[in-house]
Amino acid sequence: MDANKNFVVGIFDDEDILLEGVEKVRDNGVKIHEVYSPFPVHGLDEALGYKRSRLPMAAFLFGMTGTSLALTMQIWMLGYDWPMIIGGKNFASLPPFIPVTFELTVLLAALGMVATFMIVSDMKPYKWPRQFDLRSTDDKHVMAIDLALNAGKSKEDIKRILKEAGASEANDKNFD
Amino acid sequence: MQVVSGVRDPLVTGGKTVHDVSHDISRHVENPPAKSWYLAMAISLAVFGYGLYCVFMVLWNGIGMWGLNKTVGWAWDITNFVWWVGIGHAGTLISAILLLFRQKWRMSINRAAEAMTIFAVICAATFPLIHMGRLWLGFYWALPLPNTFGSLWVNFNSPLLWDVFAISTYFTVSLVFWYIGLIPDFAVIRDRAQVAGNKVRAAVYNALSFGWEGGAKTWMRYESVALILAGLSTPLVLSVHTIVSFDFATSIIPGWHTTIFPPYFVAGAIFSGFAMVLTLLLITRKVFKLEDYITIYHIELMNIVIIVTGSIVGVAYITELFISWYSGVEYEGYAFFNRVQGPYAWAYWSMMTCNVISPQLFWFRKIRTSLVATFVLSIVVNIGMWFERFVIIVTSIHRDYIPSSWTMFHPTMYDIGEYLFTFGLFFTAFLLFAKFFPVINMAEVKSIVKHNSENVGADKKVSEKQHA
């Protein structure tokens, strides 16, 4: 059986039942493909065993790029390329350069981080996502289990485990 | 684990379920708009059209069309600019600072407030752009681009240039923050359209949602992005009006040359921003029947922010007045004496009444929980905040050092027309937003339905009784 084609989909009505359900399903040795929710469920990432996102690091690096870019630009332009006496101040004096430096730090950190987020999450306007159940953006939490990755268990076993874990429905979903 | 306080009022009333949230908000996007929407749109477009004519005349003939003279070189344009930027502070403040403080009541108001922020900043930006006269050359004057004069670079020592960076960064980051919040909600509308069999709407909203699928991993990253954007936006919000106040504070004009300006301007901005949020939300709430999401409790909390910031502004006015006398600087003293007693005293006292006295009425619980009183006072506050900027700008410069050049400022129809232009722009944009975008952040509200709704309060009371 090919991976990423044949799934069993468990539908959970409530976020607290889902959180317990995820643990029960994983304790039964079933590998979960992903859980789709209409809103962020706190603690779900830990229950699924995901590592913390490194996006804060990306934001920091982009921010530092902004800081150094802004300082380099201002000091070079007003200090070296075309020095001008403005109000008798030094050509390259740091205090008046701080506002622009701050703004560019924030700008690059924000834009860089959001762009990174979109790239790693594969978000594109022309992409149609693979949807396991249309109710996953409305009010249901949808747990997808790839049959190929759980070869040791039969479809019926997985459905039984899902029901025992609190799922209100357990359906088949096949993609060709 | 979530701790639910029995003291706090519920944030979602009416026994709503998660599905009700999707339905109540999305249906305004799905159904054709009401007649009142078309009427409001027609009025906005008419105002916008008249404003556009005035803007065209100013661009064609030059800014001599305005009522400025040799003494008063800054008047309505900068007053309106500062007024709109101030209004543009509430949205990001609500979504960023209240997110960091974990204030859940932000969730049903942040979407509309952020939209308001973005449109207000666009309106604000039109004034400096038009003031440049030949705004198509503005890129060279305002941005550090190589040019044919040398390159002769922009002056990074000037607060006007800091403003360019502050406003454009604020606009961009607010837009991104707002859009990130919209993505999961666009996906809700897409999936409802798929169920209803509306392929065009599904395709459009799928593109708008960037193919959102809502997996746990994406949500985890999404929350991380939202938190960091909030952290970045918090100092950003405070920096924007600080830098706007530098436009005045770094000059040596009596009445402007004061170190109190940055905090005073920021408080005033939050004050006027919340007032505008209330004006808009009270109408949206009524028209869209969102009483269960934007409750009296939300309105009361916003009115409390108005009392706090209004009082800070009041203290700033009085401090300013006291220091002008206490400093012993003759010119500074005269600038304030002239404000209080001079030909523009009516503007000063309108400002004092609207901004300092009227918000104090919100100390009465009855008034701050009354929709009519809140609506009226929110408009009064915005009128007061316009007068504040007018008073600071025009009264400080209309009587300069040589009495022979003392003069008054009289706006022309083009000054007024350009102000109307921004009103038309603002309301047209807001009406389009209300029709095509979900006006409440569905994903966030859904996450609190279980723990902060009326049902929880009822359960809790029952369990408390059982314990007792």
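This is a tour of a predicted model, going from a sheet in chain A to the contact between the chains and then to a helix pair in chain B.

**Stop 1: the sheet of chain A.** Select β1, β2, β3 and β4 of chain A. They form an open sheet of four strands in the order β2-β3-β1-β4, with antiparallel pairing. β2 and β4 of chain A are the edge strands; each has a single partner strand, so one side of each lacks a neighbour in the sheet. From one strand to the next, the twist averages 25 degrees.

**Stop 2: strand β1(A).** Narrow the selection to residues 6–12 of chain A, which make up strand β1. Five of these seven residues are buried, so the strand is largely enclosed by the rest of the structure. Now add residues 169–174 of chain A, strand β4: six bridges join β4(A) to β1(A), and the two run antiparallel. To find the register here, pick N6(A), whose bridge partner in β4(A) is N174(A). Then add residues 141–146, strand β3 of chain A, which is also antiparallel to β1(A) and joined to it by six bridges. On this pairing, V8(A) has I145(A) of β3(A) as its bridge partner.

**Stop 3: strand β2(A) and helix α1(A).** Bring β2(A) back into view. β2(A) pairs with β3(A) in the antiparallel sense over three bridges, and V35(A) has M143(A) in β3(A) as its bridge partner. Next select residues 15–27 of chain A, helix α1, which packs on the sheet and touches β1, β2 and β3 of chain A. The direction of α1(A) makes about 135 degrees with that of β1(A).

**Stop 4: where chain A touches chain B.** Show both chains. Here 56 residues of chain A are in contact with 53 residues of chain B. On the chain A side, the elements giving two or more residues are β2 (34–36), α2 (44–47), α3 (55–81) and α4 (98–120). Which of them gives the most? Select α4(A), which gives 15 residues. By class, this side of chain A has 38 nonpolar, eight polar and ten charged residues.

**Stop 5: a helix pair in chain B.** Select residues 159–196 (α7) and 216–249 (α9) of chain B; their axes come within 9 Å and cross at roughly 150 degrees. An angle over 145 degrees counts as roughly antiparallel, so α7(B) is roughly antiparallel to α9(B). The crossing is left-handed. To see the contact, show side chains including W162(B), Y170(B) and F177(B) in α7(B), and L229(B), L236(B) and F246(B) in α9(B). By class, the contact of α7(B) with α9(B) has 18 nonpolar, three polar and two charged residues.

Conventions. Residues are numbered from 1 along each chain as its sequence is written. Chains are lettered from A and ligands numbered from 1 in the order in which they are written. This is a predicted model: local features need pLDDT of at least 70, side-chain atom pairs count only at pLDDT 80 or more; totals for chains, interfaces and linings use all residues. A residue is buried if 20 or more other C-beta atoms lie within 10 Å of its own, exposed if 12 or fewer, and partly exposed in between; C-beta atoms are placed from the backbone. Two strands pair if DSSP finds at least two bridges between them. Axes are lines fitted to C-alpha atoms, for helices over the stretch in contact, and angles run from 0 to 180 degrees between N-to-C directions. Angles under 35 degrees count as roughly parallel, over 145 as roughly antiparallel, 65 to 115 as roughly perpendicular and the rest as oblique. A crossing is left-handed if the near helix is turned anticlockwise from the far one by less than a right angle, and right-handed if clockwise. Two residues are in contact if their C-beta atoms, placed from the backbone, lie within 7 Å. Ala, Val, Leu, Ile, Met, Phe, Trp, Tyr, Cys and Pro count as nonpolar, Asp, Glu, Lys and Arg as charged, and the others, Gly among them, as polar.
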